[in-house]
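The following exercises are to be worked with the sequence and the model side by side. Each task is followed by a solution in steps.

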Amino acid sequence: MKIHPQVFIGKVQATSHCGQSAIHKREADGLLTLGQLGLEGDEQAEKRFHGGPDRALCQYPREHYSFWLNAYPELDDLFMPSAFGENISTQNMTEENVFIGDIFAWGDARIQVTQPRSPCYKLNGLTGIENFAQVMQETGRCGWLYRIIKTGTVSVDTPIQLLSRNSDVSVKEAIMIAFHAPYDEELYQRLLSAAGLSASWSLTMQNRLDNHRIEEFSHRLFGRRG
């Protein structure tokens, strides 16, 4: 797997539809510095769901935009990279063929897949569709996040190349386990065993095992408590 990316960065700013957000990003070119917390010049506003060492980069498959265009044709001016605030946009990398723990070379940096993206309520404001985050979660077209295991210099001219596969849990399966399946201790143990899983998702799965229930999604998806 050797994929050339489009790359996007953005600053936190006041928006009419998402509050304080860095969801609006501009395409970057040339050499970029990739640090432990992401690309130089990129920011995140909603720290509970975005950013931090385990969520330093967000990648979203470019081919998903055709699905969204078909589902919501009235939003044809929105659905293009980087509409969902992703840093990396690619063809031919999807939730089906990217796995938790995958390590990729990008320039002289090394990045590792940690978790699917957890859609949040700001996507509802962005699209004007009150349950858009929920639809993204239910369809599994979520994208995924990375930690930076080696900082370095990257660019759009440098392909992202798979170096090692460290679990047999695809991002698609992780989404199924976390968001779609009924309570299942074996599935939670399976996801916990995936090398490279983020600390926050590890804690969520452990909390399910401890509490014998699935947590509420409503605050993340709709900005309100369940």
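**Exercise 1. A salt bridge and its surroundings**

Are D42 and K25 buried or exposed? Determine also how the two residues are related.

Solution. The structure is a predicted model, and every value below is computed from it.

Step 1. D42 and K25 are both buried.

Step 2. The two residues form a salt bridge, in which the closest N and O atoms are 2.8 Å apart.

Step 3. This pair links distant parts of the chain: D42 belongs to the loop between β7 (38–39) and β8 (57–61), K25 to the loop between β4 (19–21) and β5 (26–28), and 17 residues separate them.

**Exercise 2. Further salt bridges**

State how many salt bridges a search of the whole structure finds, and examine the pairs E96 with K172 and R165 with D102.

Solution.

Step 1. The search finds seven salt bridges.

Step 2. Between E96 and K172, the closest N and O atoms are 3.4 Å apart. E96 is in the loop between β9 (88–90) and β10 (103–106) and K172 is in helix α4 (residues 171–180), so the bridge ties together parts lying 76 residues apart in sequence.

Step 3. The accessibility of each partner is then considered. E96 has 54% relative accessibility and counts as exposed, whereas K172, at 45%, is partly exposed.

Step 4. In the salt bridge of R165 with D102, the closest N and O atoms are 2.8 Å apart. R165 lies in the loop between β14 (160–164) and α4, D102 in the loop between β9 and β10, and the pair thus links distant parts of the chain, 63 residues apart.

Step 5. R165 is partly exposed, with a relative accessible area of 38%; D102, with 0%, is buried.

Step 6. D168, E173 and R190 are joined into one network by salt bridges that share partners.

**Exercise 3. Cysteines**

Explain why C58 is not bonded to the cysteine whose sulfur is closest.

Solution.

Step 1. A disulfide requires two cysteine sulfur atoms within 2.5 Å.

Step 2. The closest cysteine sulfur to that of C58 is in C142, at 10.0 Å, which is too far for a bond.

Step 3. The search of the whole structure accordingly gives zero disulfides.

Step 4. C58 is buried, with 8% relative accessibility, and C120 is buried as well, with 3%.

**Exercise 4. The two sides of helix α6**

Which residues of α6 are buried, and how are they placed around the helix axis?

Solution.

Step 1. Helix α6 (residues 199–211) has 13 residues and reaches 18 Å from its first C-alpha to its last, close to the 18 Å expected.

Step 2. W201, M205, R208 and L209 are its buried residues. They fall within an arc of 100 degrees when seen down the axis, so they line one face of α6.

Step 3. The spacing has a general basis: an α-helix has 3.6 residues a turn, so residues three or four places apart point the same way.

Step 4. The buried residues of α6 pack against β11 (109–116), α4 and α5 (185–192), while A199 and L203 are exposed on the other side.

Step 5. Just after α6, H212 takes a positive phi of about 60 degrees, although H212 is not a glycine. H212 is in the loop between α6 and α7 (218–222) and, at 55% relative accessibility, counts as exposed.

**Exercise 5. Helix α1 and the nonpolar core**

Identify the buried residues of α1 and the residues that touch the most other members of the largest nonpolar core.

Solution.

Step 1. H64, Y65 and W68 are buried in helix α1 (residues 64–71). Their arc around the axis is only 100 degrees, which puts them on the same side of α1.

Step 2. The buried residues of α1 pack against β8 and α3 (132–139). The face turned away from the buried side carries the exposed residues S66 and N70.

Step 3. The largest nonpolar core has 60 residues, of which W68, F84 and W106 touch the most other members. Helix α4 gives the most to this core, with six residues.

Step 4. Neighbours within four places in sequence being left aside, the contacts of F84 include Y65 and W68. Also among them are I23, Y60, F79, R117 and M136.

Note on methods: Residues numbered from 1 in each chain as written. Predicted model: local features only at pLDDT ≥ 70, side-chain atom pairs only at ≥ 80, totals over all residues. Heavy atoms only, no water. Buried < 20%, exposed > 50% of the residue type's maximum accessible area, 1.4 Å probe, protein only. Salt bridge = Lys/Arg side-chain N within 4 Å of Asp/Glu carboxyl O. Helix = DSSP H or I, 4+ residues; strand = E, 2+ residues; numbered from the N terminus. Expected span 1.5 Å × (residues − 1). Arc of directions from axis to C-beta. Contact = heavy atoms within 4.5 Å. Core = buried A, V, L, I, M, F, W, Y, C linked by side-chain atoms within 4.5 Å.
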